[in-house]
Amino acid sequence: MYQKVTTAAPAKLNLALDITGRRADGYHEIDTLFQSVDLCDILRLSREERPGIYVSCDRPRLPCDETNLAHIAARQFLQWFGLEGRGVSIDIEKRIPLQAGLGGGSADAAGVLVGLDTLFGTGASLEELARLGAAVGSDVPFCILGGTRRGRGRGELLEQVSPLPDRTPMVIAKPEAGISTAESYRRYDQQGARRRPDLPALLALLEAGETAAFAQGMYNVLQEVAGLPQVTELCQKLMNAGALGAMMSGSGSAVFGLFEGRRQAKHGMRKLFGLAQSVFLVQSVPHGAVVLDCR
């Protein structure tokens with residue numbers, strides 16, 4: 001029985017994002033291609049003698065109360081497995097930027113669910129944890145399973161697809177300006193989209209290993225309505241620096257570019273210094289949240 005567990009929770013990118021409808025519950029129906037990358041939050045979970053859930057974080061802007069997705073995930077887990085009387089502390093080391101469209105909150109929830117399964121020895125499969133995660137947030141199931149997957153419904157209906165080549169290099173840039181998920185979708189509801197990604201064609205290109213053509217076909221309908229000039233500027237800078245394709249991830253405001261090799265990606269990263277709040281050199285990974293250490 002473990003007392004402490006450390007997990008790594010990878011960020012997600014949307015390699016394509018379309019909105020296909022509006023649901024009666026207010027959520028949007030989406031069709032997207034998710035990708036995990038090795039930009040990770042680190043979560044340290046510990047047993048507490050006193051009952052309750054105690055969340056801390058090294059980012060003062062991030063609420064650590066009952067609204068935090070890590071807190072919600074822990075509460076759902078303890079209830080699901082009949083462990084309500086237990087106590088757990090969760091310390092979050094944030095590396096994934098906020099309001100970026102990189103799934104930082106969902107990644108933290110995934111890291112909590114995977115970590116608590118080890119901490120309490122519940123022996124749940126990743127698929128069971130993903131079903132539990134769907135009650136926490138739309139992107140949480142993907143952040144548990146990870147890799148390259150097509151997501152439909154709210155994003156929780158996942159299908160494994162042909163992946164990007166192993167360790168595909170990418171550059172992520174987060175502008176100073178951010179936009180909330182709710183605001184991004186509100187703008188879409190007002191304005192709609194002039195163009196949409198061709199998901200079947202993109203999946204065929206992935207299966208054929210045509211990475212360059214795939215990158216050129218990536219598209220996100222929310223980028224049109226984001227209203228953030230720096231997003232357009234950063235995408236253009238990435239393309240000018242040799243990216244195979246570049247676009248905004250999710251509801252924004254982070255953008256990313258796919259590169260042919262790591263050397264080209266490093267060159268692209270250098271071209272963005274001073275133009276963005278933060279810049280990351282990352283690569284694709286075939287997994288979601290993982291346990292790093294337990295003792």
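**A helix pair and two pockets**

In this predicted model, helix α2 (residues 104–120) and helix α3 (residues 126–133) have axes that come within 10 Å and cross at roughly 130 degrees. The two helices, α2 and α3, are therefore oblique to each other, and α2 passes α3 in a right-handed crossing. On the α2 side, the contact is made by Leu113, Val114 and Asp117; α3 contributes Leu126, Leu129, Leu132 and Gly133. By class, the residues of this contact of α2 with α3 comprise five nonpolar, one polar and one charged.

Attention can now turn to the pockets. The largest pocket holds about 1100 Å³ of space. Its lining consists of 44 residues, and those nearest the centre are Leu69, Ser106, Asp139, Thr181 and Ser251. Helix α2 appears here again: along with β1 (4–22), β2 (28–48), α1 (69–80) and α5 (181–191), α2 is among the elements that give two or more residues to the lining of the largest pocket. Sorted by class, this lining has 19 nonpolar, 18 polar and seven charged residues.

The second largest pocket has a volume of about 250 Å³. Around this pocket lie 15 lining residues, with Gln223, Cys235, Met239, Ala246 and Met247 nearest its centre. Two or more residues of the lining come from each of α7 (211–217), α9 (229–240) and β8 (245–248). Of these elements, α9 provides the largest share, four residues. The lining of the second largest pocket divides into eight nonpolar, six polar and one charged.

Definitions and conventions: Residues are numbered from 1 along each chain as its sequence is written. This is a predicted model: local features need pLDDT of at least 70, side-chain atom pairs count only at pLDDT 80 or more; totals for chains, interfaces and linings use all residues. Side-chain values use heavy atoms; hydrogens and water are left out. Axes are lines fitted to C-alpha atoms, for helices over the stretch in contact, and angles run from 0 to 180 degrees between N-to-C directions. Angles under 35 degrees count as roughly parallel, over 145 as roughly antiparallel, 65 to 115 as roughly perpendicular and the rest as oblique. A crossing is left-handed if the near helix is turned anticlockwise from the far one by less than a right angle, and right-handed if clockwise. Contact means heavy atoms within 4.5 Å. Ala, Val, Leu, Ile, Met, Phe, Trp, Tyr, Cys and Pro count as nonpolar, Asp, Glu, Lys and Arg as charged, and the others, Gly among them, as polar. On a 1 Å grid over the protein atoms alone, a cavity is a set of points where a 1.4 Å probe fits but cannot get out, and a pocket is an open set with protein on both sides within 12 Å along at least five of seven lines; lining residues have an atom within 4 Å of a point. Grid points are joined across faces, edges and corners, and a volume is the space filled by probe spheres set on the points.
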